[in-house]
Amino acid sequence: VIQLGLLLFYMNQKAGFHIDELWTYSLSNSLNTRPIFNDNYGNKELELYNRWLSGDYFKNLLTVQQDEKFNYKKVRENQVNDGTHPPLYYYIINTICSLFPDSFSKWYGLSLNIIVFILSQVLLFQISKNILPNKFALLCVFFYGFTAAAINTFVYIRMYALLSFFFLLITYIYINAFKSNNYLYIFLSVFFCVFLGAHTH
């Protein structure tokens, strides 16, 4: 609870955005607006240079409009055009933003990170207690949650927090695989985790 409070404190302090965080929102939510500074649009992107772009342009770039909710086909198309990351994270961000159309907030992206932080801490404890006594497993969770690395990971609105969760999940699956003779369960668990992780980053 203390760690979550500290994380929420730093999230609340967040006053600006790294350009990649704006990419998160634009690639997740832009339907008809061509993203700026993208090499995959050829010479057409030059039309956006050295000219005034209205506030509506950026609003449409970063938000889901009322008639554009849950448009996963467009999210995938944006990712194909961007040519960098797979679409799972952007599907999730689009889903959250679609619940609040015509508005923009840092909390749409941060809310996902809060959930992922809690799940990651649970997994870290479960992994640690397979190796250490419970009190030391709690210390692992305690020390990780208060590090600058953890806080930076979860305050940054990108797919890295979700990807870290999938790394923890597959570690947990591997540890428990040694305790099970159910090979179908092991195979399906590993496949599911790798599939989701590979579609995150």
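Leaving aside neighbours within four places in sequence, which residues is Lys74 in contact with? The answer is Ser30 and Leu31. Lys74 is found in helix 4, and with a relative accessible area of 17% it falls under the 20% cut-off, so it counts as buried. We'll come back to this spot when we get to the cavity. One thing to keep in mind throughout: this is a predicted model.

**The overall picture**

The protein chain is made of 10 helices, with zero strands. Read from the N terminus, the elements simply go α-α-α-α-α-α-α-α-α-α. Along its principal axes, the C-alpha trace spans about 60 × 40 × 30 Å. Of the 201 residues in the chain, 45% are buried. As for how the chain meets itself, take the contacts with a separation of 6 or more: residues 24 or more positions apart account for 72% of them.

**The nonpolar core**

In soluble globular proteins, nonpolar side chains tend to be buried together. Here the largest nonpolar core has 47 residues. The members that touch the most others are Met11, Tyr89, Val116, Phe154, Phe165, Phe166 and Leu169. Helix 6 (residues 106-128) gives the most to this core, contributing 10 residues.

Leu169 is a handy one to click on. Not counting residues up to four places away in sequence, Leu169 touches Leu123 and Cys193. Cys193 itself is buried, at 2% relative accessibility. Cys140, on the other hand, is partly exposed, with a relative accessible area of 29%. And if you were wondering about cross-links, a search of the whole structure turns up zero disulfides.

**Helix 5, largely enclosed**

Why is helix 5 described as largely enclosed by the rest of the structure? Because eight of its 11 residues are buried. Those are Leu88, Tyr89, Tyr90, Ile93, Asn94, Ile96, Cys97 and Ser98. They pack against helix 2, helix 4, helix 6, helix 9 (160-177) and helix 10 (183-198). Tyr89 also turned up above, among the core residues that touch the most other members.

**The cavity**

Now back to Lys74. The structure holds one cavity of 30 Å³ or more, and the largest cavity has a volume of about 50 Å³. Its lining is made up of Ser28, Asn29, Ser30, Leu31, Val64, Glu68, Asn71, Lys74, Val75, Asn78 and Asn94. So which elements supply at least two residues each of that lining? Helix 2 (19-29) and helix 4 do, and helix 4 gives the most, with three residues. Lys74 and both of its contacts, Ser30 and Leu31, are in the lining. Asn94, one of the buried residues of helix 5, lines the cavity too.

**A few loop residues**

Several loop residues are worth a look, and their burial is listed here.

| Residue | Loop | Relative accessible area |
|---|---|---|
| Phe70 | between helix 3 (55-62) and helix 4 | 37%, partly exposed |
| His85 | between helix 4 (72-82) and helix 5 (88-98) | 13%, buried |
| Asp102 | between helix 5 and helix 6 | 33%, partly exposed |
| Ser105 | between helix 5 and helix 6 | 17%, buried |

His85 has plenty going on. Leaving aside neighbours within four places in sequence, His85 is in contact with Gln79, Tyr90, Arg158, Met159 and His201. With Arg158 there is a polar contact between the side chains, at 3.4 Å. Tyr90 is one of the buried residues of helix 5. For a sense of scale, His85 and Tyr108 sit 23 residues apart in sequence and 20 Å apart in space, C-alpha to C-alpha.

Ser105 is also engaged in a polar interaction: a polar atom of the Ser105 side chain lies 3.0 Å from the backbone nitrogen of Trp107.

That leaves the two partly exposed loop residues. Most residues other than glycine have a negative phi. Phe70 has a positive phi, near 55 degrees. Asp102 also has a positive value, near 60 degrees.

Technical notes: Residues numbered from 1 in each chain as written. Predicted model: local features only at pLDDT ≥ 70, side-chain atom pairs only at ≥ 80, totals over all residues. Heavy atoms only, no water. Disulfide = S-S within 2.5 Å. Buried < 20%, exposed > 50% of the residue type's maximum accessible area, 1.4 Å probe, protein only. Core = buried A, V, L, I, M, F, W, Y, C linked by side-chain atoms within 4.5 Å. Helix = DSSP H or I, 4+ residues; strand = E, 2+ residues; numbered from the N terminus. Contact = heavy atoms within 4.5 Å. Polar contact = N/O pair within 3.5 Å; in protein donor to acceptor, adjacent residues only side chain to side chain. 1 Å grid on protein atoms, 1.4 Å probe; cavity = no way out; pocket = protein on both sides within 12 Å on 5 of 7 lines; lining within 4 Å. Points joined across faces, edges and corners; volume = space filled by probe spheres on them.
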